[in-house]
Amino acid sequence: MRRGLSYSMLGMVAVLSCSSILYAQTAAPPTDQRKAPAKRESAPAPIHDLTGVWMMHNSPGSQRGFTNYTFTKDPPELTPWGEAKYREAKPSNGGEFTLQTTNDPVLTRCDPPGVPRVYFHPYPFEFVHTPKYTLMLYEYDHMVRRIYTDGRPIPKDPDLLWMGTSVGHWEGDTTLVVDTVGLNDKTWVDRLGHPHSDQLHVIERFRRVNKDHMELDFIIEDSKALAKAWTATWYYELKPTWELGEISCSGDYLDFSNFEK
């Protein structure tokens, strides 16, 4: 059996309530010192298969200091529009704003986190493959993404959705490349409040390096908000005995009595 649901709930509370302490006291090393976590001996990666439950496995001494709330140690380069929108954000991660004074849309309205912010919730996700699409099931708030793998092109005029429209294809035997467009501008890119417009384009490269380990490359592009693409690599580990539980934004782990009306 996977770890208990109470462990997961406590983890979320710890992240939200202690994020200001982590932000103030945890200093990530220079980029050239950041390394992927050591990998135990593992069987080769299966072909065109990411099936299973995955959990972040960034090494404690390198990336974990900032991956609670943003993608890289150094902030992204923003456009003037992006800078102005960023100044409007009141995140609860740096200590200046509390859970009562933040304007984080996830915490004040229970909005879906969107892509790529969904990865900042410290819970696992699961891949389920079908002949026409791959499902990504997130433990947090029952989030679901459908990644079409039937050969269709990326839509040129997509509907604007919380989680966008995702189209994927295999590159070689073990890398699933996913393009996501059509994301509404109501979400933040990360927990620090970096903004995006409806022109956001997220490219994810899920590279299964062996049976038990996966590397996830992010390329985040938005010509209105970002002066250049924002890139990062995170690391994940397969949890073959885990099953996804239920973590709901409706009040399972926080008191949302002060929600915006």
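## Burial and the strands β7 and β8

A residue is called buried when its relative accessible area is under 20%, and that cut-off is the one to keep in mind when reading this predicted model. Strand β7, which spans residues 201–208, is mostly covered, since six of its eight residues are buried.

On one side, β7 pairs in the antiparallel sense with strand β6 (residues 175–181) over six bridges, and within this pairing V177 has R205 of β7 as its bridge partner. Strand β8, made of residues 213–221, also pairs with β7 in the antiparallel sense, here over eight bridges, with H201 standing opposite E221 of β8. The connection between β7 and β8 is a hairpin of four residues.

## Strand β1 and its two partners

Strand β1 (residues 52–56) is likewise mostly covered, with four of its five residues buried. Three bridges join β1 to strand β2, residues 125–129, and these two strands run antiparallel; in this pairing V53 stands opposite E126 of β2.

Strand β9, which covers residues 230–238, pairs with β1 in the antiparallel sense over three bridges, and there M56 is placed opposite Y236 of β9.

## The nonpolar core

The largest nonpolar core has 39 residues, and the members that touch the most other members are F71, Y119, F125 and F206. At least two residues of this core are supplied by each of α3, β2, β3, β6, β7, β8 and β9, while the largest share, five residues, comes from β9.

F206 can serve as an example of how such a residue is surrounded: leaving aside residues up to four places away in sequence, F206 touches L50, Y119, F127, M136, T174, T175, L176, V178, M214, E215 and L216.

## Aromatic rings and charged ends

The model contains 14 aromatic pairs. In one of them, the ring centres of Y119 and Y138 lie 6.0 Å apart and the planes meet at 80°, so this pair counts as edge-to-face, a label given to planes over 60 degrees apart. The pair links distant parts of the chain, because Y119 belongs to the loop between α3 (105–109) and β2, whereas Y138 belongs to strand β3, 19 residues apart. Y119 has a relative accessible area of 4% and is therefore buried, and Y138, at 5% relative accessibility, also counts as buried.

Ring pairs also connect residues into a cluster, whose members are F71, Y119, F120, F125, F127, Y138, F206, F218, W230, W234 and Y236. Elsewhere, the charged end of R146 sits over the ring of Y133, at 4.6 Å from the ring centre, and the charged end of R152 sits over the ring of Y148, at 3.7 Å from the centre of that ring.

## A closer look at T134

T134 lies in strand β3, which is formed by residues 133–138. Because its relative accessibility is 2%, T134 counts as buried.

The side chain of T134 makes a polar contact with the side chain of H129, at 2.8 Å. When residues up to four places away in sequence are not counted, T134 touches F127, V128, H129, R145, R146, I147 and T149, so that H129 appears both in this list and as the polar partner of T134.

Notes:
Residues numbered from 1 in each chain as written. Predicted model: local features only at pLDDT ≥ 70, side-chain atom pairs only at ≥ 80, totals over all residues. Heavy atoms only, no water. Buried < 20%, exposed > 50% of the residue type's maximum accessible area, 1.4 Å probe, protein only. Polar contact = N/O pair within 3.5 Å; in protein donor to acceptor, adjacent residues only side chain to side chain. Contact = heavy atoms within 4.5 Å. Pairing = 2+ DSSP bridges. Phe/Tyr/Trp six-rings, centres within 6.5 Å; stacked < 30°, edge-to-face > 60°. Lys NZ or Arg CZ within 6 Å of the ring centre and 35° of its normal. Core = buried A, V, L, I, M, F, W, Y, C linked by side-chain atoms within 4.5 Å.
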